[in-house]
Amino acid sequence: MRLIYFCFFMSLSLLTACNGAGLDSLGGLSLSGTLSVPANTAIDSDVNSQDSQPIGNNSVETAQIIRTNPVILGGYASQANAGAVGVLTPNGDDQDLFRIDLQTGQTIRLFVASNDLDRNDLDLLLLNDAGEVIDASTNRSHLESLYAPQGGRYIIEVLAHQGASNYVLSVGYQDNTHTQQGLRLSSDFMPEQTTLKFKSATDDADFQAYDAVAFGWEKIADGGEQRSLYQLNAQGKQALAATRSLSFTNDEMAAKYHTLMAIKQLQQHENIDYAEPNFIYHALRTPNDSLYHLQWHYPLIQLPQAWEITTGTAQVVVAVLDTGILSNHPDLHYKIYDGYDFISSISIAMDGDGIDNNPYDLGSSPDAPGGSSFHGTHVAGTIAAASNNNTGTAGISWGSLVMPMRVLGKNSAGTDFDIEQAVRYAAGLSNASGKIPAHPADVINLSLGGDEISKGLRSAIDEAYNKGIVILAAAGNNGNATVSYPAALDNVVSVAAVDINRKRASYSNYGASIDIAAPGGASTADLNGDGAPDGIISTVGNDSSGQIKLSYASSIGTSMATPHVAGVIALMKSVYPSLTAQDFFGLLRAGELTDDLGPVGKDDSFGYGLINAQKAVNAVNVLAGGNAVANSPAQLMVSSRTLNFGLNSSSLSLNVSNGGDGLLSVERITETSGGAVKISDGGLNAQRLGTYFISVDRDRLAAGAYEATLSFISNVNTVDVRVVWQVGVSQSTGNVGQQYVLLVNPDTMATLQQVSVAANQGQYRYRFDDVAAGRYLVISGSDNDNNGTICDLGESCGAYLTLDSPNPIQLEQSRSDISFDLNYNTNFLVKTSADLNQGLYQIYPVYQRLRLKSLY
């Protein structure tokens, strides 16, 4: 029997359809449902979509009021006659202004969706309530960011400097040291000066002879072959001052802004290597792992405490049986050990041959909407991405190595025979390659599964287990009690997923076979208020443009939960190299590795509980005979340092725990809201550790944004938790723009029917009639730029069952339960190394380029 396995990953790859009968004929059935959006979403009131009714927000007087904070807002900005033809084309929409109440230190981030920044460039400005510019981020990049200097009412402006683009604007609570450097008004630099480095001496001479006067600059200090110092002359000052009708708090601010605009112009000059402000001083350091502050899932499993003991060693190897790996990714480039490609079928392999020694991921679905998933690269990054390298994300066991096994090819599917051979190779057993690695894997990660198991694969797993190798597999993303293999095997650690609140993720399978839980994330929530959905961010690629670009992305699923446990086991092996699979299961059953969730003891949702990295590493201290680092002192920890209630939420949960060893108890809790914030017992032990329910009472509060501090005071330390919420005149709900809901043939991705629906109280209700029996996908998205496709970067998107795991519907009778979530394509931008990716920022799209059937 040839069994097909698919990634348990919220990815773009579509399952292979088995039949498409009846797709092209109409019948008498109906299909309907409800699309839901997070309450903290909003839409620019004047986008280019043909079905929109633009309400201008182009001036201080007409600034669109944003009542939700934190917020994720989708929009579109353009110069006149730029971008796709739509309602805004003739006059353009070069300024979008949003009035919002901000708290001190809140971060404002603008994601510019266009892939052609040379022609389409948006800037981010922060104005006071009177409309005067107080800060601006004017880089020519996908990411602009600012932060609020103090609490108060502000106007955020998105300005189309050139061309047209979709964008996503987010406001949240983040460490503002992670905002990018570059062209920023609040930076300390000399007004009307720039430093220029030319590509050659000839280029410098040519610039002096032909362009310096035209650009309004004159050289005041010659750096020879290095950079030189230039001064903006009177002509240049006058020309720039006339280009924008902006108001500033003082003349120096105006001069600095005009300087940034002039430098931006110079950066496009073909002879100039780089142009920069003449900074008075730079920031002292650039924080390591620029996206680590978004990896909320690591503190949730007490990983930073475990890192005090070990960050992993290169003697520990984790095999990842998946789609292969992008071996040139800057966070994985030096982390790869002796991989192999075990895809035997040429029709699946996509590399023109069968088994070979190159596990490079060529892309599983380059022609599919959004491109390939690069699922194995995402999994590998969670396990062992390089850290403290000023790039991207951190891996769990960043000192360890990854053995990439390519077993999933076209459409992220693979066969049980290939997986069996890869298990055997990783375990140092005889296999179809005829080769055995010098160092077999210590851990095998299988973020994949199917509904049956062959004797051959079962036997290979048992043999690996008997050699002491720990094998893990994803429990599945059906959100029910479906049994998935190989996760359901006795000798495999079955991993379920939890969200940021340590609750079972809605998609996570459950049942008696579940052994353990780990963070898998959620795509629609932003409960910690950092301005981004609470997914799992890691290393990926993007081949939707026809070439693979290296990047980072947030995804959800039990596939994302599984490598969390694999990475922790790698840390355990680093402390105690003799750890076996049998040892691991013994410690797990004894409660030494987890925080118990749900009913006491093992249960169907969490198994033995949520993996606790600190407890796991400390547990092997005993097995190591006391050679490991001693246990850390008691320390009060919380699951989130910010609780975001938004405009509508009234209750959230917070977990309070002992992040070390020794006696610790919560002695008292204080709050600064004057009684609006209330705390209750959600499941506490005698030390008052466990789950607290936090609620807010808005009844006696005026409209506005509020912030309070909860202080949990223990006998050891005090932890403050920021609580933020809004009160509105009416309880408005989320809106991600006009939706085009498509009924799609899963074989050809052709649109068969579409309906256009608007938001009503945070939901969109749709219905298809006269549908024939057959298999269908239901996908929905916005078209803010009016280019005839939904789900472009910066637009909203969703699919049934989930966006990242679209599930074909077998329609045999009318159904009204085809409901799913929508959110913006807000996956994160990071600058990859210049030699690997030309120094450009790249965005990884969630889903894109699905063409509307009949927009025009």
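Serine 412 is buried in this predicted model, its relative accessible area being just 1%. The residue sits in the loop that runs between β20 (401–406) and β21 (413–415). Its backbone deserves a look too: although serine 412 is not a glycine, its phi is positive, about 55 degrees. For context, most residues other than glycine have a negative phi, and most peptide bonds are trans.

Methionine 350 is another non-glycine residue with a positive phi, about 70 degrees. Its place is the loop between α6 (346–349) and α7 (375–384). Is methionine 350 buried or partly exposed? Methionine 350 is partly exposed, because its relative accessible area is 32%, and the range for that class runs from 20% to 50%.

**Backbone values to check in the viewer**

| Site | Feature | Value |
|---|---|---|
| Methionine 350 | positive phi | about 70 degrees |
| Serine 412 | positive phi | about 55 degrees |
| Glycine 546 | positive phi | near 105 degrees |
| Glycine 591 | positive phi | near 75 degrees |
| Tyrosine 485 to proline 486 | cis peptide bond, omega | near 10 degrees |
| Tyrosine 800 and leucine 801 | cis peptide bond, omega | about 5 degrees |

**Cis peptide bonds and their surroundings**

Let us take the cis bonds in turn. The one from tyrosine 485 leads into proline 486, a residue of the loop between β24 (470–474) and β25 (493–498). Proline 486 has a partner in space: glycine 449 lies 37 residues away in sequence, yet the two C-alpha atoms are 6.2 Å apart. Glycine 449 itself belongs to strand β23 (residues 448–449) and is buried, with a relative accessible area of 6%.

The other cis bond joins tyrosine 800 to leucine 801, and leucine 801 is part of strand β45 (residues 801–802).

**The disulfide**

How many disulfides does a search of the whole structure find? The search gives 1 disulfide, formed by cysteine 791 and cysteine 797 with their sulfur atoms 2.0 Å apart. The torsion about the S-S bond is about 80 degrees, so this disulfide is right-handed. Cysteine 791 is buried, with a relative accessible area of 0%, and cysteine 797 is buried as well, at 2%.

**Strands and hairpins**

Strand β27 (residues 536–542) is mostly covered, with 7 of its 7 residues buried. Its antiparallel pairing with strand β28 (residues 549–555) extends over 7 bridges. One of the bridge pairs matches asparagine 542 with lysine 549 in β28. In this hairpin 6 residues lie between the strands, and glycine 546 is the residue there with the positive phi.

Strand β37 (residues 704–714) is joined by 5 bridges to strand β34 (residues 666–671), the two running antiparallel. Here glutamate 671 stands opposite leucine 710 in β37. β37 is also joined to strand β38 (residues 718–727), again antiparallel, by 10 bridges; in that pairing threonine 709 has arginine 722 of β38 as its bridge partner. The hairpin formed by β37 and β38 has 3 residues between its strands.

An open sheet of 5 strands can be traced in the order β3-β5-β12-β7-β10, and its pairing is mixed. Its edge strands are β3 (41–43) and β10 (143–147), each of which pairs on one side only. From one strand to the next, the twist averages 20 degrees. At the β10 edge, strand β7 (residues 107–112) pairs with β10 in the antiparallel sense over 5 bridges, and isoleucine 108 has leucine 146 in β10 as its bridge partner.

**A helix with a buried face**

Helix α11 (residues 581–589) has Ala581, Phe584, Phe585, Leu587 and Leu588 as its buried residues. Viewed down the axis of α11, these fall within an arc of 165 degrees, so they line one face of the helix. That fits a general rule: an α-helix has 3.6 residues a turn, so residues three or four places apart point the same way. Glycine 591, with its positive phi, follows α11.

**A buried polar residue**

Asparagine 655 lies in strand β33 (residues 651–658) and is buried, with a relative accessible area of 8%. What does its side chain contact? The asparagine 655 side chain makes a polar contact with the side chain of arginine 502, at 2.7 Å. Leaving aside residues up to four places away in sequence, asparagine 655 touches Arg502, Met637, Val638, Ser639, Gly690 and Thr691.

Notes:
Residues are numbered from 1 along each chain as its sequence is written. Side-chain values use heavy atoms; hydrogens and water are left out. A disulfide is a pair of cysteine sulfur atoms within 2.5 Å. Buried means under 20% relative accessible area, exposed over 50%, partly exposed in between (1.4 Å probe, protein chains only). Helices (H or I, at least four residues) and strands (E, at least two) are DSSP runs, numbered from the N terminus. Two strands pair if DSSP finds at least two bridges between them. The arc is that of the directions from the helix axis to the C-beta atoms. Axes are lines fitted to C-alpha atoms, for helices over the stretch in contact, and angles run from 0 to 180 degrees between N-to-C directions. A polar contact is a pair of N or O atoms within 3.5 Å; within protein, one must be able to donate a hydrogen and the other to accept it, and residues adjacent in sequence count only if both atoms are side-chain atoms. Contact means heavy atoms within 4.5 Å.
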